[in-house]
Structure formats: C-alpha cells, structure tokens
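Reader: I would love a close look at the sheet in this protein. Could you walk me along it from one edge to the other, and tell me what packs around it?

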Amino acid sequence: MADKIIFRNLEVRTVLGSDAWERKKPQPLLITVEIHTSITSAGKTDKVTESVHYGIACKRATSFAESEHKLQSLEAFAEGVAHACLGVTTRALAVHVIVNKPRALLHAEYAGVEIFRTRKELLGSWGDDLVPGSDESPDAFARRSAFVAAERADAENSAGRLAKEDRIIVKTLSLTTVIGVNLWERHYKQVVNFDLVLHSEKPAVLGAAVSDTVPRYRNFRTVVDVVTELVEKSSYRTVEALATAIARTAIKQCKVPKITVRVEKPNALVFAACSAVEITRSVDDFPTVPDARNTPIGSPTPVRAATPAIDSPSIGGFDAATAASTQALPVLHSAFIALGTNVGDRLANLHKALAYLNADLPTSHVAETSFLYETAPMYVTDQPA
C-alpha cells in the first residue's frame, strides 16, 4: 500500500463561485490533501529530499488558491489543487483532495468536493522513464524498476471507489420537520440533520482542460433547495421513509445518478448524540417511480404511504400483502374517516374495520392512520369509553 504525506484543513481565502448569500466575495476554503508516495528511502536516510516535502506542497496549494484563477466550481478548483501538489516532485504518485466551503450554504456546515487523481491520469505520465545508473547492474535496475512499478500500482489501487467517481458533499444540513411515531413528535417540528453525497463519474477530460461548468445533477445548491422544500413540507413517521424520499426526489427531479443520504435525529435519544439512518441509492433503485415533479409533496399515494401504514401502532394486524397489492391502483380520491367503538373487543373491532377497508373494497387502500385514542363518551355519558 502506498504511503501518504498529509496536510489537513489548510485555510485559504479566495473568490470561488458564490457565498451563502449568492455574492461574489472572498471566502474561506479548507483544503485537505493526501499525497500518495513511498517514504521507504526517506525512512532509511532521514532525508526530506527522498520524500514529498509537505511544506512545499502546502505552499503550492496556497499559491494556486489565492491566485487569480477565476474558477467558479469546487470541482475545477480541487483539480487545480491536485495539479499543484503533484507538481512538487515526481515522487508524488497520486493525490486525494478534499475541498470544503464553510460559507457555501446558510443551513449547512459546509459544501465540499472529494477527488482522487493519479499522476498518470492528471499529468499524462508517471514522469521520466527509468534509466540504469552508471554503476547499476542489469539485475539491480530490474529490481528497481519492479519496485517503482509496484509503488505506482499501489497508488492506483488505493483510490478505492474514488478511482471511478468524484463526490460532492453537503455536511450537516439542518432543517426542521415533523418526524417520528410518538404522539409528541407529531405536534412539533424538530431539527433534523442531513448529510448528502452526490456521486458522479470522473470527467472524461482531466487536468487543465477540465470543465468549470456544473451540470444540474452536480449543482449542490439545486439539490439542497429541492431537498429543503421536500423535508420542510413532509411529516414522515420514520427516518427510513424520509431518507428514501430524499434519494428518490434527488434522482428523479434533479437527475442525480447516485446519492448517499444520512438522516440524523439529534433529539431522539436521551443518552445518545443522535439516531440515524444512512442509505445509498442510484437510478436503478427507482425504475418505475413516477417523477417527483408530478407528485405533490405529502400526497397520500400508496407509493409513499404503504410502509408507514403497515407499521402503524393503530393498525396492528392487517394483511401487508393486501396493502402492497393495491400500490398499482390509481388514487382517485382521498377521504378522512373517523372510526370509533365502545362495545366488545374494541381494539379488534378497529383492526377488523381497517382490514375491511383494505381488502373488501376493491379500489380502497388505507394510506395512513392517526394514533389510537381512548376518550370518555360524549352526549350520552352512561356508556363505556
């Protein structure tokens, strides 16, 4: 595995796109760089010349960031940082760059980009061809060549999933919404934090010719606007359903090819920092889902409502298979029905009533229920609760 030379959260000031108020102003950026190399020789000789000098790499990155680069996108800026760091020495075999923009969004900790580039794919080659030393035997040269080839292969393999994709990250997007199954959670909005990772294929052209334009599916502002509207108008019971709705909307409406969504409820558990769900979804996960633009947010369609209805504490034991089979039916009307019982096995009565609505009426489907309440009788008071 390739060794690494690292500097983390280098703060620079530059004009890059717009700030949270859509202004062209200098703002801070935080740069983290991992330069993949081999420190074997430096470890033996204790000479910095046998490694990648992190001080020089840091200065090169700062110089590029504070230059008149006139770039607009985080992606192109990260590409420039990668180019600057790989230019320090041919010993720099690959670079992992993370650029975070703390003032990019009003309600998020930061927006950022993460890329991995090898020397060969960014600069066109690994460097000068190896040549035998004046006093180097053929066997020694062959061993050195094999060692260098292994180092380069290690650098390429260390990319992992970043070998084929770049990532745009929105960290700790804080929004308020109604979420939860408890009675008190249905009456008040609470703060929920979201982490979004937009996965996209590496650009076909790298280096100085990389495009500085951002397509819709990589524009984090567009995605955040859509997600914010969805979340603040929703009232899901489970974070699983909310996370899935966000992924579906980003993919269907914003055309994001692949997204990772993490949903955290910081107020869910008394003795824990949060409860959370994280999912990764792609276009293939929603092949038949209608476009989110054609489905009003909060619409009681079977696509959204089937899962929470089955798990509802008010419904209990109605048949899940029956509910699932109704998902293909069109929604003609939505009706709100009050059910009450005060004789016999009251809970069983309510369960049977919901089962009849689901099974015996061919075009009906219970989309959602309230919680179960026991109240005193009204008007005629000499009867059971």
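Author: Happy to! Let's start at one end of the sheet, where β1 and strand β2 (residues 27-37) pair in the antiparallel sense over 10 bridges. One pair to find on your screen is Thr 14, which stands opposite Gln 27 in β2. Helix α2 (residues 54-65) lies across both β1 and β2, and runs at about 30 degrees to β1. Another helix, α3 (residues 74-86), also packs on the sheet. The strands that α3 touches are β1, β2, β3 (94-101), β4 (108-118) and β5 (165-177), and its direction makes about 45 degrees with that of β4. Please keep in mind that this is a predicted model.

Now for the sheet as a whole. It is an open sheet of 8 strands, paired antiparallel, in the order β1-β2-β3-β4-β5-β6-β7-β8. Its edge strands are β1 (3-14) and β8 (275-282), and each of them pairs on one side only. On average, neighbouring strands of this sheet are turned by 15 degrees against each other, direction ignored. As a general reminder, strands of a sheet pair through backbone hydrogen bonds, either parallel or antiparallel.

Let's move on to the β8 end. Strand β6 (residues 190-201) runs antiparallel to β7, and 7 bridges join the two. Here Phe 194 stands opposite Val 263 in β7. From β7 to β8 there are 8 bridges, again with the strands antiparallel. One of the partnerships to look for is Lys 258 with its bridge partner Ser 282 in β8. How many residues of strand β7 are buried? In β7 (residues 258-265), 6 of the 8 residues are buried, so this strand is largely enclosed by the rest of the structure.

While you are there, have a look at a helix pair that comes before β7 in the sequence numbering. Helix α6 (residues 220-233) and helix α7 (residues 239-253) pack at an angle of about 140 degrees, with their axes 10 Å apart. The two helices are therefore oblique to each other, and their crossing is right-handed. On the α6 side, the residues that meet α7 are Val 223, Val 226, Val 227, Leu 230 and Val 231. Their counterparts in α7 are Leu 242, Ala 245, Ile 246, Thr 249, Ala 250 and Gln 253.

To set this part in its surroundings, the chain has 10 helices and 8 strands, and 43% of its 385 residues are buried.

Note on methods
Residues are numbered from 1 along each chain as its sequence is written. This is a predicted model: local features need pLDDT of at least 70, side-chain atom pairs count only at pLDDT 80 or more; totals for chains, interfaces and linings use all residues. Side-chain values use heavy atoms; hydrogens and water are left out. Helices (H or I, at least four residues) and strands (E, at least two) are DSSP runs, numbered from the N terminus. Buried means under 20% relative accessible area, exposed over 50%, partly exposed in between (1.4 Å probe, protein chains only). Two strands pair if DSSP finds at least two bridges between them. Axes are lines fitted to C-alpha atoms, for helices over the stretch in contact, and angles run from 0 to 180 degrees between N-to-C directions. Contact means heavy atoms within 4.5 Å. Angles under 35 degrees count as roughly parallel, over 145 as roughly antiparallel, 65 to 115 as roughly perpendicular and the rest as oblique. A crossing is left-handed if the near helix is turned anticlockwise from the far one by less than a right angle, and right-handed if clockwise.
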